[in-house]
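I opened my notebook and jotted down what I looked up, entry by entry.

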Amino acid sequence: MEVINNNAATLSNFEVYNLLATSQHSSYKGKEAENVATITFETSEYLAKTPCVNQNPQVIEGFLKALTPYKLSSLEKLQLVNIRPTSLVELHLVIEDMDERLGEELVGQLLDLVAKLLPSRDQETMETQ
């Protein structure tokens, strides 16, 4: 892999997880190939334990459209998709000046929106039982 433009875009955990699952590392040789394989494996293992494994482009797109009235920055939206906050404390860590920018009512609505539109890591496990 070669970085062509390091500021081209930010990727969600879902996008990274899918990229790692489909990428080929055959252009690397020797120790370099071993390092890439280790990084790929460790990152994939970590991401497999996050909510991104149950996300898809349609879910993320629908969630981002639903966030329009909240006037959040693109990085705040990305963090919401990646972290999938379930508590007020987690939401405070993601949204800067949340109390001033959103009211108490909108914060509650936002948490409900996250729970409703973004699948949790355990959701697939519960549905199959």
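Below are my entries, going from the overall layout to single residues.

**Entry 1: the overall layout**

First thing to note is that this is a predicted model. I looked for helices and strands, and the protein has eight helices and zero strands. Reading from the N terminus, I wrote the order down as α-α-α-α-α-α-α-α. Next I checked burial: of the 129 residues, 31% count as buried. Then I looked at how far along the chain the contacts reach. Taking contacts between residues at least 6 apart in sequence, 67% join residues at least 24 apart.

**Entry 2: α3 and α7**

Before looking at helix pairs I reminded myself of the basics. Two packed helices are described by the angle between their axes and the distance between the axes.

How do the axes of α3 and α7 cross? Helix α3 covers residues 57–66 and helix α7 covers residues 104–117. Their axes come within 10 Å and cross at roughly 165°. An angle over 145 degrees counts as roughly antiparallel, so α3 and α7 are roughly antiparallel to each other. I also noted the handedness: α3 passes α7 in a right-handed crossing.

Which residues meet there? From α3 I found V59, G62, F63 and A66, and from α7 I found L113, V114 and L117. Sorted by class, the residues of this contact of α3 with α7 come out as six nonpolar, one polar and no charged.

A look at the spacing in α3 was next, with a textbook point in mind. An α-helix has 3.6 residues a turn, so residues three or four places apart point the same way. I kept that beside my list of V59, G62, F63 and A66 from α3.

**Entry 3: α1 and α2**

My second pair was α1 and helix α2, which is residues 30–47. The axes of α1 and α2 come within 10 Å and cross at roughly 135°. That angle makes α1 oblique to α2. Here α1 passes α2 in a left-handed crossing. On the α1 side the contact is made by N13, V16, Y17 and L20, and on the α2 side by T40, T43, S44 and L47. By class, the contact of α1 with α2 has four nonpolar, four polar and no charged residues.

**Entry 4: the largest nonpolar core**

I then went looking for the largest nonpolar core and found that it has 21 residues. Which of them touch the most other members? They are F63, L67, L80, L91, I95 and L110. I asked which helices feed this core, and α3, α4 (74–83), α5 (88–94) and α7 each supply at least two of its residues. The largest share of the core, five residues, comes from α7.

I picked out I95 for a closer look. Not counting residues up to four places away in sequence, I95 touches L72, E76, R101, L102 and L110.

**Entry 5: α4**

Which residues of α4 are buried? I listed E76, L78, L80, V81 and N82. The buried residues of α4 pack against α1, α3, α5, α6 (98–101) and α7. Just past the helix I spotted something about the backbone: α4 is followed by R84, whose phi is positive, near 50°.

**Entry 6: S12, N13 and I60**

Is S12 buried or exposed? S12 is found in the segment before α1 (13–22). The cut-off for buried is under 20% relative accessible area, so S12, at 5% relative accessibility, counts as buried. Leaving out residues up to four places away in sequence, S12 touches I60, L78, V81 and N82. I also wrote down a distance: S12 and L80 are 68 residues apart in sequence and 9.9 Å apart in space, C-alpha to C-alpha.

N13 lies in helix α1. N13 is buried too, with a relative accessible area of 18%. Its contacts, not counting residues up to four places away in sequence, are L47, C52 and N82.

I60 is found in helix α3. At 13% relative accessibility, I60 counts as buried. Leaving aside neighbours within four places in sequence, I60 is in contact with S12, F14, Q55 and V81. Last note of the day: I60 and L118 are 58 residues apart in sequence and 7.5 Å apart in space, C-alpha to C-alpha.

Terms used
Residues are numbered from 1 along each chain as its sequence is written. This is a predicted model: local features need pLDDT of at least 70, side-chain atom pairs count only at pLDDT 80 or more; totals for chains, interfaces and linings use all residues. Side-chain values use heavy atoms; hydrogens and water are left out. Axes are lines fitted to C-alpha atoms, for helices over the stretch in contact, and angles run from 0 to 180 degrees between N-to-C directions. Helices (H or I, at least four residues) and strands (E, at least two) are DSSP runs, numbered from the N terminus. Angles under 35 degrees count as roughly parallel, over 145 as roughly antiparallel, 65 to 115 as roughly perpendicular and the rest as oblique. A crossing is left-handed if the near helix is turned anticlockwise from the far one by less than a right angle, and right-handed if clockwise. Contact means heavy atoms within 4.5 Å. Ala, Val, Leu, Ile, Met, Phe, Trp, Tyr, Cys and Pro count as nonpolar, Asp, Glu, Lys and Arg as charged, and the others, Gly among them, as polar. Buried means under 20% relative accessible area, exposed over 50%, partly exposed in between (1.4 Å probe, protein chains only). A nonpolar core is a set of buried Ala, Val, Leu, Ile, Met, Phe, Trp, Tyr and Cys residues joined through side-chain atoms within 4.5 Å.
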